[in-house]
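Visitor: I am new to this structure and would like to learn how to read a few of its features. Could you take me through them slowly?

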Amino acid sequence: MARRIDVTGTGGVRLAAWEFGDPPKTDAATEHDGTLGVLLLHGLMGRASHWASTARWLSERHRAVALDQRGHGRSEKPEQAAFTREAYVDDAEAALEQLGLAPAVLVGHAMGALTAWQLAAKRPDLVHGVIICDMRASALGAASQREWSDWFKAWPVPFATLADVRKWFGEDDPWVERPNRARGEFYAEVMHECEDGWRPVFEPDQMLRSRETWVFDAHWEELAQVQCPALVVRGLDGELGRAEAQEMVRVLPRGEYAEVADAGHLVHYDQPEGWRAAIEPFLDGVRTG
């Protein structure tokens, strides 16, 4: 079951939000008792369906909604739309309010995690807790942006089949150190069939425009402004190193730390059981706190 809910983002951009499980049933006497609103925010190039597994188990006890962010998934991709940090944060804020989730726990992966902690700093009244998955607070710099631009140019699009997508991103991509089946599946999920083959559902130029609004800056100041409980999660082989993750926990006023073994950047996709074990105790603490 996947139910789409339309949301209007900043600038009138139409966004698609998704529920992948029925929210827990409550009666009038116990409504909202122990039930959290959870907004799931994917990373750059991701889509709401990447959270489907997480959303389903969350829905056993909470109301969990995943958002296709602007330029991603089934949400609008206007050529002239803003792809700034402010636009992404404002979209998440609008989603919380229009979906009736607030105060909510924000669960973000990579770019979605940055959006989560920036919104928590901006609107503490809307955010009950934050889970930050594999996103760095330090500046990445111009070299990183050039590497990404070159990487997009290296994609052999269009792909003839989804099997070719899975093989390239899981094995043949120069960025892959060893075969990674989950990575191949992750990218297969963001492709759609066109007349000439399989292409991404997003525009690479819009992804680069989105990325350039954060890679040149550090984001420690906003971390320090997050007053709610916050959990920093990293995969042992991810992009967020242990030292930086632990410094992020130190900077966060109410920070906690967790790591998932045998996981890379796509923690929730690589090791879904380890991911659940890492975040469920935190959610229980927020729920009962």
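Guide: What follows looks at one serine and then at a pocket, bearing in mind that the model is predicted.

Visitor: Where along the chain does Ser138 lie?

Guide: Ser138 belongs to the loop between strand S6, which spans 127–133, and helix H4, which spans 142–154.

Visitor: Is Ser138 buried or exposed?

Guide: The general idea is to compare relative accessibility with a cut-off, and buried means under 20%. Ser138 has a relative accessibility of 18%, so Ser138 counts as buried.

Visitor: Which side chains make polar contacts with the side chain of Ser138?

Guide: A polar contact is a pair of N or O atoms within 3.5 Å. In this case the side chain of Ser138 has such a contact with the side chain of Arg136 at 3.1 Å, and another of 3.0 Å with the side chain of Glu244. Leaving aside residues up to four places away in sequence, Ser138 touches Glu244, Asp217, Ala218 and Trp220.

Visitor: How far apart are Ser138 and Leu240 in sequence and in space?

Guide: They are 102 residues apart in sequence, while their C-alpha atoms are 9.9 Å apart in space.

Visitor: How much space lies in the largest pocket, and which residues lie nearest its centre?

Guide: Rolling a probe the size of a water molecule over the atoms reveals where empty space is left. Here the largest pocket holds about 1,100 Å³ of space, and among its 36 lining residues Arg183, Asp237, Glu239, Gly264 and His265 lie nearest the centre. The elements giving two or more residues to this lining are H4 and helix H6 (181–188). By kind, the lining residues comprise 17 nonpolar, eight polar and 11 charged.

Methods. Residues numbered from 1 in each chain as written. Predicted model: local features only at pLDDT ≥ 70, side-chain atom pairs only at ≥ 80, totals over all residues. Heavy atoms only, no water. Helix = DSSP H or I, 4+ residues; strand = E, 2+ residues; numbered from the N terminus. Buried < 20%, exposed > 50% of the residue type's maximum accessible area, 1.4 Å probe, protein only. Polar contact = N/O pair within 3.5 Å; in protein donor to acceptor, adjacent residues only side chain to side chain. Contact = heavy atoms within 4.5 Å. 1 Å grid on protein atoms, 1.4 Å probe; cavity = no way out; pocket = protein on both sides within 12 Å on 5 of 7 lines; lining within 4 Å. Points joined across faces, edges and corners; volume = space filled by probe spheres on them. Nonpolar A, V, L, I, M, F, W, Y, C, P; charged D, E, K, R; others polar.
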